[in-house]
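Grab a pencil and have the structure open beside you. Let's work through a few short exercises together.

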Amino acid sequence: MLPVVIVGGLHADARRAAVDRLLADVTGAVVLHHDLATAGAGTVVRTIRDAGGVLAAGEAPLVNDCACCALREDLVPELRRLAEDGVTRLAVVELWDSVEPKAMAEVVVAGGLTVTGVITAVDPALVLPYLGNGDDLAERGLAAAATDRRTVADTFARQLEYAPVLAVLASPEADDEDHELLAQLHPTARRVLVRDGRPGGPPGSAGSDAAADATTPRGSAPGAPPAARANAEPPLPAPPASPTPPASPGSPTPPTHLVSPIPPSPDPSPLAAAALAGFDVEAAAAAQHPACALLPAEADAHGVGTFVWRRHRPFHPERLYAALEDLTCAAARSRGRFWLADRPDTLLHWDAAGGALCVESAGPWLAALPDAAWDMVPAVRRAAAAMDWHPEHGDRCQHLVFTSPGLDRDGLARLLESCLLTEAEYAAGRDAWKRLPPAFDTLLEI
């Protein structure tokens with residue numbers, strides 16, 4: 001069974017360094033890449049290469065005028081061909097800039113193949129600029145289809161937060177604040193430092209020393225003399241172990257594809273080990289779903305803060321709507337789940353980056369479902385609801401997380417508190433709540 005690792009990210013230099021690192025470390029590894037930049041001409045260019053160079057190239061026609069659709073149609077057959085050639089030991093799918101790893105991982109698994117790792121490559125010096133970039137992908141020539149309305153910021157945020165492994169480029173421009181921001185945005189990720197991944201690099205580079213990818217010292221630049229390291233960046237903190245979703249009675253055993261089909265080498269590089277560690281598509285999707293997302297925890301270091309705000313009282317729709325702009329611009333990234341007094345049964349998803357906010361319905365709260373429907377709800381969702389359970393409101397809650405340099409916690413807390421129902425409004429009861437002005441109708445496209 002051919003293991004497949006997906007490497008994505010808008011930071012092209014970091015992505016290529018990670019891919020080259022894997023090619024240098026894993027004998028028999030090849031990289032499959034679909035370049036969507038030619039979509040305007042009606043085709044997607046496919047290349048397959050190994051550590052020695054390009055092995056094959058071809059074109060795939062657009063499907064429904066959609067470059068991503070063409071990628072989906074072409075990807076699985078090419079991977080199956082590599083699986084059957086008897087030579088390839090690892091297939092690395094290098095995604096084009098704006099392609100999100102979640103969709104591609106699900107396509108590969110649905111095609112009967114085994115994804116053993118998903119990696120997002122990141123230049124820490126670019127994290128804040130990309131999170132603050134509200135430009136449409138189309139304005140930057142990165143749209144995957146004519147109907148692609150995503151922004152740079154929200155695309156980058158999803159790429160970053162989905163992957164359990166981050167390949168962090170050893171960037172001389174990155175400082176402590178940049179690394180801390182990355183760590184707080186995705187605290188459960190395994191972060192692996194990568195340098196220049198070209199084989200045959202200078203002594204101490206990733207091309208000649210597998211240990212250069214270790215998650216420790218940020219400051220020991222390849223080939224840097226001891227004197228130059230005195231003012232270098234401090235070590236990258238070791239990331240926490242990947243979390244295990246809360247257990248519940250009757251939970252299924254882990255899927256078999258979590259076991260790597262290739263036995264690890266006696267001393268694999270950290271990135272190669274991460275690529276073969278195993279990946280669970282369903283668990284990754286659950287970790288991003290607003291009902292049970294693994295949101296960041298409270299943190300404050302190197303000028304970067306994460307503020308976690310949790311309440312059980314509902315929001316007043318008009319007051320929250322009036323505060324949306326200030327709340328959205330208060331942090332580089334914010335996300336979570338919330339409920340409105342006039343929509344007591346609807347779980348709402350908060351997703352903000354780049355000064356833009358997306359609010360969507362994520363279906364009903366579990367407390368709004370009949371008991372008989374609970375058996376059809378995934379165990380991880382039931383476990384998440386149990387952790388938030390309130391004797392009166394069930395799993396209905398406000399759980400919003402804001403992460404940013406220079407975060408004003410006190411100001412955020414005051415603003416959020418002012419948007420909740422007052423004591424008198426709360427005491428009026430649910431029938432009165434439902435008669436409040438429906439300020440979010442337009443935003444939710446009702």
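**Exercise 1.** Find out which residues of helix H12 (residues 409-418) are buried, and where they sit around the axis.

*Solution.* Start with the burial: Gly411, Leu412 and Leu416 are the buried ones in H12. Buried means under 20% relative accessible area, exposed over 50%, partly exposed in between (1.4 Å probe, protein chains only). These three lie on the same side of H12, because they cover an arc of only 125 degrees around the axis; the arc is that of the directions from the helix axis to the C-beta atoms. Now flip to the face turned away from that buried side: it carries the exposed residues Asp410 and Arg414. Last step: the buried residues pack against strand E10 (304-311), helix H10 (317-329) and strand E14 (398-405).

A few ground rules: this is a predicted model, where local features need pLDDT of at least 70, side-chain atom pairs count only at pLDDT 80 or more, and totals for chains, interfaces and linings use all residues. Residues are numbered from 1 along each chain as its sequence is written, and side-chain values use heavy atoms, leaving out hydrogens and water. Helices (H or I, at least four residues) and strands (E, at least two) are DSSP runs, numbered from the N terminus.

**Exercise 2.** Locate Asp97 and name the side chain with which its own side chain makes a polar contact.

*Solution.* Look in the loop between strand E5 (90-94) and helix H3 (101-110). Asp97 counts as buried there, because its relative accessibility is 16%. Its side chain makes a polar contact (a pair of N or O atoms within 3.5 Å, one able to donate a hydrogen and the other to accept it) with the side chain of Arg15, at 2.9 Å.

How values were computed
Contact means heavy atoms within 4.5 Å.
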